[in-house]
Amino acid sequence: MASKSGIIPMVLAAVVGGSGALLVTQLYFSIWIEPSVTAEKAPPVLEVKTPVADATAQDRPEVTAQKTPPLSIDPRTDVLRISNQTQFPIRVVLRSHLNPNHPSPPETPHFKEPVHWDFAPQEGSIGGLKVSVPSGSLQLYQGDVLMAFALDGSQKYWGPYVVGDTPQPTLKQTDAEWHLVISP
């Protein structure tokens with residue numbers, strides 16, 4: 001057996017060794033490798049073609065691009081009916097052009113402030129609900145955009161519906177009303 005004087009150094013060595021081993025197991029090493037700045041690819045070189053000489057350009061017709069304001073599909077129509085045939089509460093947003101018949105200064109934006117309407121599930125699902133805007137009459141022009149999205153957080157949306165470019169909204173000639181049907 002070992003003497004009392006020999007046990008104390010062994011216990012001390014075991015405690016110090018165990019503490020050192022525990023400390024080493026808790027160390028973590030990470031290495032990050034970042035690409036050097038010079039290793040990045042240079043941006044592509046774009047070739048610039050020289051303009052056509054005046055002698056060859058004289059035979060070509062001059063093209064001028066004039067921005068024409070959107071025309072109203074039917075200027076007599078100021079009624080929009082919206083049908084929510086889904087099981088979701090939805091919001092329908094209209095982003096409308098300014099009236100093309102009244103010129104506006106060039107710095108004026110081409111769109112009015114957007115307006116929106118909220119619908120409960122299945123609200124107006126049979127005949128649709130007639131909607132209005134806070135100021136004046138509602139007038140749809142070609143290029144106006146309608147968009148619908150669910151308000152319940154389900155991240156569902158419908159559209160965009162572009163007046164005159166997409167199948168909806170449709171103009172019912174019998175009653176001279178626009179109809180937008182939001183269906184599942």
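**Exercise 1. Classify Glu177 by its relative accessibility, then find its salt-bridge partner.**

Solution. Glu177 has a relative accessibility of 10% and counts as buried; buried means under 20% relative accessible area, exposed over 50%, and partly exposed in between, with a 1.4 Å probe and protein chains only. The model is predicted: local features need pLDDT of at least 70 and side-chain atom pairs pLDDT 80 or more, while totals for chains, interfaces and linings use all residues. Residues are numbered from 1 along each chain as its sequence is written, and side-chain values use heavy atoms, without hydrogens and water.

The next step is the partner. Glu177 forms a salt bridge with Arg81, with 2.7 Å between the closest N and O atoms. A salt bridge is a side-chain nitrogen of Lys or Arg within 4 Å of a carboxyl oxygen of Asp or Glu. Glu177 belongs to strand β8 (residues 177-182) and Arg81 to strand β1 (residues 80-84), so the salt bridge ties together parts that are 96 residues apart in sequence. Arg81 is partly exposed, at 23% relative accessible area.

**Exercise 2. Place β1 and β8 in their sheet, and state which residue in β4 stands opposite Arg81.**

Solution. Strands (E, at least two residues) and helices (H or I, at least four) are DSSP runs, numbered from the N terminus. Two strands pair if DSSP finds at least two bridges between them. The order β4-β1-β8-β7 describes an open sheet of four strands with mixed pairing. Its edge strands, β4 and β7 (170-172), each pair on one side only. From one strand to the next, the twist averages 35 degrees; axes are lines fitted to C-alpha atoms, and angles run from 0 to 180 degrees between N-to-C directions.

Between β1 and β4 there are three bridges in the antiparallel sense. Lys130 in β4 is the residue opposite Arg81.

**Exercise 3. Find the salt bridge made by Arg91 and describe the strand that holds Arg91.**

Solution. The structure holds two salt bridges. In one of them, the side chains of Asp118 and Arg91 meet at 2.6 Å, N to O. Asp118 is in strand β3 (residues 115-119) and Arg91 in strand β2 (residues 90-95), 27 residues apart. Both residues are partly exposed: Asp118 has a relative accessible area of 41%, and Arg91 is at 24%.

The pairing comes next. β2 and β3 run antiparallel and are joined by five bridges, with Arg91 opposite Asp118. β2 is also joined to strand β5 (residues 145-150) by six bridges, again antiparallel. There, Ala148 is the bridge partner of Val92.

Last, the faces of β2. Ile90, Val92 and Leu94 point to one face and are buried, while Arg91, Val93 and Arg95 point to the other and are not. In a regular strand the side chains alternate between the two faces of the sheet.

**Exercise 4. Locate Ser125 and list its contacts beyond four places in sequence.**

Solution. Ser125 sits in the loop between β3 and β4 (129-131). Its relative accessible area is 16%, so Ser125 is buried. A polar atom of the Ser125 side chain lies 3.2 Å from the backbone oxygen of Gln122. Leaving aside neighbours within four places in sequence, Ser125 is in contact (heavy atoms within 4.5 Å) with Ser83, Asn84 and Gln85.

Technical notes: A polar contact is a pair of N or O atoms within 3.5 Å; within protein, one must be able to donate a hydrogen and the other to accept it, and residues adjacent in sequence count only if both atoms are side-chain atoms.
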